[in-house]
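Dear colleague,

Please find below the structure that I am handing over to you. My notes on what was found in it follow directly after.

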There are 2 protein chains.
Amino acid sequence: MMVGSLMRRMVVPWRKKAPLRHRISFTTMTHHSNAFNHSHASQILMSPPLVSLDLPDVWAPNSSHFQLQVPSPAGNFSNEQTAAVINGLMIADEIRSRIASEVRRMQDSIGEVPGLAVVLVGERRDSQTYVRNKIIACEEVGIVSTVTELPDDCTEDELLNAVASFNADPSVHGILVQLPLPQHLDVGKISDVLSLEKDVDGFHPVNIGNLAMRGREPLFISCTPKGCIELLIRSGIEIMGKKAVVIGNSNIVGLPASLLLQRHHATVSVVHAFTKNPEHITREADILITAVGMPNLVRGNWLKPGVVVVDVGTNPIEDASCECGYRLMGDVCFEEAVKVASAITPVPGGVGPMTIAMLLSNTLDAAKQAHSFT
Amino acid sequence: MMVGSLMRRMVVPWRKKAPLRHRISFTTMTHHSNAFNHSHASQILMSPPLVSLDLPDVWAPNSSHFQLQVPSPAGNFSNEQTAAVINGLMIADEIRSRIASEVRRMQDSIGEVPGLAVVLVGERRDSQTYVRNKIIACEEVGIVSTVTELPDDCTEDELLNAVASFNADPSVHGILVQLPLPQHLDVGKISDVLSLEKDVDGFHPVNIGNLAMRGREPLFISCTPKGCIELLIRSGIEIMGKKAVVIGNSNIVGLPASLLLQRHHATVSVVHAFTKNPEHITREADILITAVGMPNLVRGNWLKPGVVVVDVGTNPIEDASCECGYRLMGDVCFEEAVKVASAITPVPGGVGPMTIAMLLSNTLDAAKQAHSFT
């Protein structure tokens, strides 16, 4: 069955109101932005290739790794202290500026620009908002974007055909299918069909396998975990040897976040819905990434003083005082955590903008790869 | 360059001395072997398909999962108590008997038997021993095995050609390249070339990705981790909700073991060479899997009373009193651990025989799949 009659295909249908970067201002600064500006001019992200992190295992019981150590908190704290707030908006903005430059350079050099195709099924308000934000972000950096909308009750074949047509389109370098999908559609089948070279969301099992395995490099790393690690690196937070706890084990965030932290040599524990005493394990974390979808799940007494908190949760909470009728809350009780942590990402303005920046970065990488442009 | 001149190709070149199952006797019993014999007659392994384990996440702060609980050790213990010793030889023997029956049934029904091809590079004594044991095990259950030996200094092309020729051979249903390889050979390239349908070692990134991701099922699960879980299940040890620690993060054992435990809803922490205070994390474990390759790394005081210990380490230690000049030791100090744990696998006679049994099981599955035999 042909899908054409059911599809609306649009090019950048939503107009931005104002560039995201001007909407919210922060007083905190990232630690390393200057260092990045000067010493890493030739690369957009600070995250290194994963294979470059692979180190030989040296199990030496007498080395410092194996000596009992008194935990040294990553910062000073008191009842009133506020943690450094990691400014995801500012970091993402910096990355997006660099992506925009690279897109211009690509266009000037070879007359090509990166193209992103988005497939949106159904009429979920939150999905529509996420897609709109991605499209606006594409437009700002010069990436051409295309959206295919399918109705809530579309068949699996219709969805797979939409993906297949983007696979075959040489002007499309990255494809993403906005999740979640209606229940009758199998997200696994879409990953199987979606071209590995255009899997800018990094959800293909080959990309997940290569993310997990030492000695291998995925073509794309899932945008949200990649954004979390980039935030940590740009905030000067060392990962190697740290105890990291990931709360949530979704295929989209929790799983790839835990695998990525492991490639960076953190000691990773994954807490999920079947974990007993999650607060006990969480209190051991030097670095905590939460991706659950439960507002305020993590309270201040779940945290070790000095922990670095990366809050992926984006939970809409009714709030009549807000223009749109709701506000966003993270999985972590920010007011309590900010008194215990040494650094924390806010919601909104933390991981969210980084996810979009990483999508743009992956799409640029895909286009460079397709056109052998360096 | 053709590889033919460098290869010796043999069919079952090593004769067994005596069936493995008669060599060592144990006094301990597995808990559930009778239950298995009677209620699971139609399947060989007790491990369920992974997708059947996928459960919806229900994050409920007031549920019992989230209440602080006093740890209840899995068994009684004292300074002198010996843990139950999990008899890997006996369990593996039971599985191998069932595989032999299935191979006969396949031959009687469709005139086909499973075929396993092994590629051995170089002359490492331990690798030669492992390969010999695998070939003997194949012969015992009626699987036809073929070994290709390549010299230590063979080129990557020669090795890849050997794998490619087995990919194309319809009488070969499973292929394994014995690891470790000489340093100049890239194990990653071999995984990429080896047919996914014949990857009975489960090392292909697609199989690792599908092992990691909820909602997906790998074609094959790596033999050693699969054997570890089968041992736990057959010994009546519940995995869901338990704290599991995996020591070692190799692509071959540690990584897939941690992913598999996670699919079974354990709360998993991975300890590796860069972990600070590994004994601190290890002491939290209800289930401990060690795959490091350091004899006696894990001492009695690393263990929580009642822990279940699965020791993958197989470290040869010089011992003039042994006929062969050495004996095998695990990563865990058995004499100390047996006084603290509620159950423990011995070395030898624990995980080792299970690894081979899982290889046979995977090869049988590959042959059934290839011939659509159920």
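In what follows, a helix axis is a line fitted to C-alpha atoms over the stretch in contact, and angles run from 0 to 180 degrees between N-to-C directions. Please bear in mind throughout that this is a predicted model.

With that convention, I begin with a helix pair in chain B. Helix α7 (residues 223-234) of chain B packs against helix α11 (residues 351-370) of chain B at an angle of about 110°, and their axes are 8 Å apart. Angles of 65 to 115 degrees count as roughly perpendicular, so α7(B) is roughly perpendicular to α11(B). On the α7(B) side, the residues that meet α11(B) are Cys223(B), Thr224(B), Lys226(B), Gly227(B), Cys228(B), Glu230(B) and Leu231(B). Their partners in α11(B) are Val351(B), Met354(B), Thr355(B), Met358(B), Leu359(B), Ser361(B), Asn362(B) and Asp365(B). By class, the contact of α7(B) with α11(B) has seven nonpolar, five polar and three charged residues.

A second helix pair was examined in chain A. Helix α2 (residues 88-110) of chain A and helix α3 (residues 125-141) of chain A cross at roughly 55°, and their axes come within 8 Å. This crossing makes α2(A) oblique to α3(A). Arg96(A), Ile99(A), Ala100(A) and Val103(A) in α2(A) meet Ala137(A), Glu140(A) and Val141(A) in α3(A). The contact of α2(A) with α3(A) comprises five nonpolar and two charged residues, with no polar ones.

Two individual residues may also be of interest. Ser361(A) lies in helix α11 (residues 351-370) of chain A. Its relative accessibility is 4%, so Ser361(A) counts as buried. Leaving aside neighbours within four places in sequence, Ser361(A) is in contact with Leu45(A), Ile99(A) and Lys226(A). Of these, Ile99(A) is also one of the α2(A) residues that meet α3(A).

His204(B) is found in the loop between α5 (187-193) and α6 (205-212) of chain B. At 11% relative accessibility, His204(B) is likewise classed as buried. Not counting residues up to four places away in sequence, His204(B) touches Ser191(B), Asp192(B), Leu194(B), Leu196(B) and Asp199(B). From His204(B) to His184(B), the distance is 20 residues in sequence and 20 Å in space, C-alpha to C-alpha.

As to the chain as a whole, the secondary structure of chain A comes to 11 helices and 12 strands. Chain A has 374 residues, of which 56% count as buried. Among the contacts in chain A with a separation of 6 or more, 73% are between residues 24 or more positions apart.

An unreviewed UniProt entry places two domain features on chain A. The feature "domain: Tetrahydrofolate dehydrogenase/cyclohydrolase catalytic" is put at residues 86-201 of chain A. That span is 52% helix and 16% strand, with its end C-alpha atoms 24 Å apart. The feature "domain: Tetrahydrofolate dehydrogenase/cyclohydrolase NAD(P)-binding" is put by UniProt at residues 222-370 of chain A. Residues 222-370 of chain A are 34% helix and 19% strand, and the end C-alpha atoms lie 19 Å apart.

Finally, how are the two chains related? A turn of 180° and a shift of 0.0 Å along the axis lay chain A on chain B with an RMSD of 0.0 Å. That is the relation of a two-fold axis. Of the interface residues of chain A, 100% are also interface residues in chain B, so the copies meet through the same surface.

With kind regards

Key: Residues numbered from 1 in each chain as written. Chains lettered and ligands numbered in written order. Predicted model: local features only at pLDDT ≥ 70, side-chain atom pairs only at ≥ 80, totals over all residues. Heavy atoms only, no water. Least-squares fit on C-alpha atoms with pLDDT ≥ 70 in both. Contact = heavy atoms within 4.5 Å. UniProt positions renumbered as here; feature names shortened; annotations may be inferred. Helix = DSSP H or I, 4+ residues; strand = E, 2+ residues; numbered from the N terminus. Parallel < 35°, antiparallel > 145°, perpendicular 65-115°, else oblique. Nonpolar A, V, L, I, M, F, W, Y, C, P; charged D, E, K, R; others polar. Buried < 20%, exposed > 50% of the residue type's maximum accessible area, 1.4 Å probe, protein only.
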